[in-house]
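Hi,

Here is the structure I said I would pass on. Have a look at it first, and then read my notes underneath.

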Amino acid sequence: MIPDEVIDRVREATDIVEVIGQSVALKRSGANFKGLCPFHQEKTPSFTVHAGKQIYRCFGCGAGGNVFNFLMQRQGLGFVEAVKQLAQRAGIALPEDGQDAAEAQEKSRHRERLLDLLDQAAAWYRRQLKETPEANEARLYASQRGLGEESQEAFRLGYAPRDAGTLIRAAAAKGWDESLLMEAGLLSKGEDGRIYARFRSRLLYPICNPAGRVVGFGGRLLGPGEPKYLNSPETPVFSKGSLLYALPQARDAIMRRRQALLVEGYMDALACHQAGLPFAVATLGTALGEAHAKLLKRYADEVALVYDSDAAGVAAARRGSEVLLAAGLSVKVLSVPGAKDPDEFLKARGRQAFEQALAQALSAPAFFVQSSLSQMGGLDKADLHARAGILQGLFPLLALFPTAVEADGHLREAARALGFPAESAAADFASYKALPRVKREEAKKKAAETAPAAPAAAPPGSAAPPQREGVPAKPLGRVRPDALAKVERPDLVAEARASLEQPEFSEPAREEAAQLLWRHPGQAVMQIQMEQDAGDAARALLLDLAMEQPHYPHAEAALPLLVARLRQERLRIRKAEVDQELRQGGEPQAQAERLALAGSLALEINKLDRRIKSGQ
Ligand SMILES: [Zn+2]
């Protein structure tokens with residue numbers, strides 16, 4: 001048996017669009033991808049892959065599921081083989097025999113304990129910020145940066161007390177395991193063997209994994225000292241290279257816009273969210289890497305990089321652009337004129353000015369031509385050799401564009417900006433592309449060395465936002481098993497319970513779907529539909545439900561939705577009957593009544609539609 005934790009990791013490390021794209025030609029269609037269904041014969045595509053939810057669905061034949069289902073259906077594999085195949089692809093080791101499986105199970109339980117502890121610690125730090133007199137300075141700092149109570153709550157901002165003993169005493173009182181605290185990176189052992197708290201006298205920004213669970217912290221020092229910013233160390237659950245600050249909070253907005261805003265610091269990301277730009281995320285004081293780009297690619301088509309306009313910022317933007325372009329994302333670079341960072345810009349000029357700057361943001365190549373030129377003092381001051389150097393330096397970037405027309409278009413623009421004829425620029429680019437790969441790598445290195453921007457490391461992030469517990473959007477995370485008992489809307493649960501008695505559920509597939517949900521509180525619908533004993537019709541029903549929601553819904557959220565959907569169906573049948581009667585005609589009084597009835601039925605159907613679509 002493969003532990004759930006490993007299955008989750010395999011799924012998180014796999015992009016369904018890539019996997020399906022290997023055997024099905026997919027085309028972007030809004031937030032989804034479409035293609036000809038591999039499971040039935042068709043001429044117009046009804047096969048949809050949902051990148052955000054990582055599921056697929058065919059509206060022609062009803063095939064559907066997650067990436068495991070796809071391999072099972074497509075290659076006739078069993079579940080375990082499908083997991084194995086994808087684990088291998090993602091480089092994740094699977095337990096081999098019974099003993100390893102037990103070990104892996106224990107590891108998975110251990111990880112869960114670690115995450116639980118981090119969550120409790122975040123709540124404890126939060127209380128320190130809200131309640132202790134000592135945190136006054138931290139509260140002042142947050143409010144001076146314009147962070148309202150709501151943002152602080154939503155991002156779970158906290159405070160780490162000055163006295164290293166406070167956390168240790170609290171841990172003892174709460175029965176937290178000291179070695180677990182050390183593993184979580186909250187306590188460390190000094191050279192003298194003494195235990196001390198890693199974060200002291202700092203405003204804390206909890207950092208969450210894409211599933212919304214707290215995995216670490218970023219801390220900003222209050223008062224004098226070094227370092228100003230300190231992150232959690234790398235732990236079994238915290239890895240800077242594959243985490244983005246504010247991603248769980250930003251994901252929906254990013255998916256809606258198909259665009260992400262990438263800023264440098266925690267505080268910048270928070271400022272954007274607070275100002276009504278909820279699609280902002282930040283790296284954790286590290287350079288943007290391949291794993292970050294892959295993560296963003298799941299939700300966005302385009303990333304707007306916001307970097308400081310100094311030399312280090314330009315160099316970081318250049319590297320970031322290359323990583324993003326290589327991952328198949330389109331890139332814009334935005335500098336915030338007259339401000340040192342987005343936070344400052346937003347405070348001085350507001351959201352609209354920011355949106356405007358974003359709308360006018362340059363493509364990556366245009367940005368580098370412009371910033372190189374301005375560092376040389378403008379086109380007039382740059383001599384022929386220097387301008388040729390700028391153009392040469394652009395080639396490695398242009399070569400990353402997926403299509404020749406895009407590369408050519410950017411090349412033409414660059415040539416014009418640099419005062420060169422498009423034809424000779426194209427000839428130079430053609431000879432660059434003809435170089436063997438090794439030579440191209442050399443040219444790329446040379447371009448990086450001679451680029452006017454300084455190759456300084458990206459400055460560490462500013463402040464990071466925490467996140468509120470129990471927010472409905474806990475997309476991939478697991479609700480605890482007793483969740484059904486304490487769902488926030490007991491009325492919905494009662495309604496669902498009553499509905500199990502209703503005639504709608506007399507049809508076996510529906511009853512089965514409802515029963516499946518009922519029996520698996522706390523589990524994601526996507527998981528439930530894979531239950532071995534689930535019938536095809538019930539599975540299809542649950543899949544539809546999952547597809548319609550902004551997140552993977554859990555059983556307790558999906559059950560009332562299923563009820564709403566079935567009730568809606570019944571109303572639709574009734575409305576069709578009334579419409580039919582209307583068409584047949586009759587005496588005016590009866591017709592008027594039918595008209596009114598049809599109207600109120602339509603209203604009710606729409607209301608349920610909104611409820612289902614919003615997931616409430
Ligand atoms: Zn199909």
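Below is what I found, going from the whole chain down to single residues.

One thing before you start: this is a predicted model, so please read everything here in that light.

**The whole chain**

The chain has 616 residues, and 39% of them are buried. Its secondary structure comes to 25 helices and 16 strands. If you take the contacts between residues at least 6 apart in sequence, 67% of them join residues at least 24 apart.

**The five-stranded sheet**

There is an open sheet of five strands with mixed pairing, and the strand order is 13-12-14-15-16. Its edges are strand 13 (280–282) and strand 16 (362–363), each of which pairs on one side only.

Strand 14 (residues 302–306) is a good place to start looking, with four of its five residues buried. Strand 12 (residues 259–263) runs parallel to strand 14, and four bridges join the two. If you want a pair to click on, L261 has A304 as its bridge partner in strand 14. Strand 14 also runs parallel to strand 15, this time with five bridges, and there L305 is partnered by V333.

The antiparallel part comes with strand 15 (residues 330–334) and strand 16, which pair over two bridges. Here K332 stands opposite S363 in strand 16.

**The cores**

Some of those sheet residues turn up again in the largest nonpolar core, which has 108 residues. The members that touch the most other members are A260, L261, A269, A280, V281 and L305. The core draws at least three residues from each of domain 2 (100–241) and domain 3 (249–450). To see how one of these residues is packed, take V281: leaving out residues up to four places away in sequence, it touches L244, Y245, A246, L247, A250, A260, L262 and A269. Another core, of 50 residues, lies apart from this one, and V24, F33, V83 and L86 are among its members.

**Strands 9 to 11**

Strand 10 (residues 214–221) is largely enclosed by the rest of the structure, because seven of its eight residues are buried. It pairs with strand 9 (residues 202–208) in the antiparallel sense over seven bridges, and R202 has L221 as its bridge partner in strand 10. The hairpin of strand 9 and strand 10 has five residues between the strands, and G212 takes a positive phi there, near 90°. Strand 10 also runs antiparallel to strand 11 (residues 229–231), with three bridges joining them; G219 stands opposite L230 in strand 11.

**Helix 17 and P365**

Does the length of helix 17 (residues 404–418) agree or disagree with what its 15 residues should span? At 1.5 Å a residue the helix should span 21 Å, and its end C-alpha atoms are 21 Å apart, which agrees.

The buried residues in helix 17 are A407, L411, A414, A415 and L418. Seen down the axis of helix 17, they fall within an arc of 100°, so they line one face of the helix. That fits the general pattern: an α-helix has 3.6 residues a turn, so residues three or four places apart point the same way. What covers the buried residues of helix 17 includes helix 15 (364–375), helix 16 (384–398) and helix 18 (422–434). After helix 17 comes G419, whose phi is positive, near 80°.

P365, which is found in helix 15, gives a closer view of this packing. With 25 C-beta neighbours inside 10 Å, P365 counts as buried. Not counting residues up to four places away in sequence, P365 touches L394, L397, L398, H410 and A414. P365 and A414 are 49 residues apart along the chain, yet their C-alpha atoms are separated by 7.3 Å.

**A loop residue: L36**

Last one. L36 sits in the loop between strand 2 (32–35) and strand 3 (47–50). It has 17 C-beta neighbours inside 10 Å, so L36 counts as partly exposed. Leaving aside its neighbours within four places in sequence, L36 is in contact with V24, E42, P45 and F47. L36 and S46 are ten residues apart in sequence, and 6.5 Å apart in space from C-alpha to C-alpha.

Cheers

Methods: Residues numbered from 1 in each chain as written. Predicted model: local features only at pLDDT ≥ 70, side-chain atom pairs only at ≥ 80, totals over all residues. Buried ≥ 20, exposed ≤ 12 C-beta atoms within 10 Å, placed from the backbone. Contact = placed C-beta atoms within 7 Å. Pairing = 2+ DSSP bridges. Expected span 1.5 Å × (residues − 1). Arc of directions from axis to C-beta. Core = buried A, V, L, I, M, F, W, Y, C linked by C-beta atoms within 7 Å. Domains from an automatic or database assignment.
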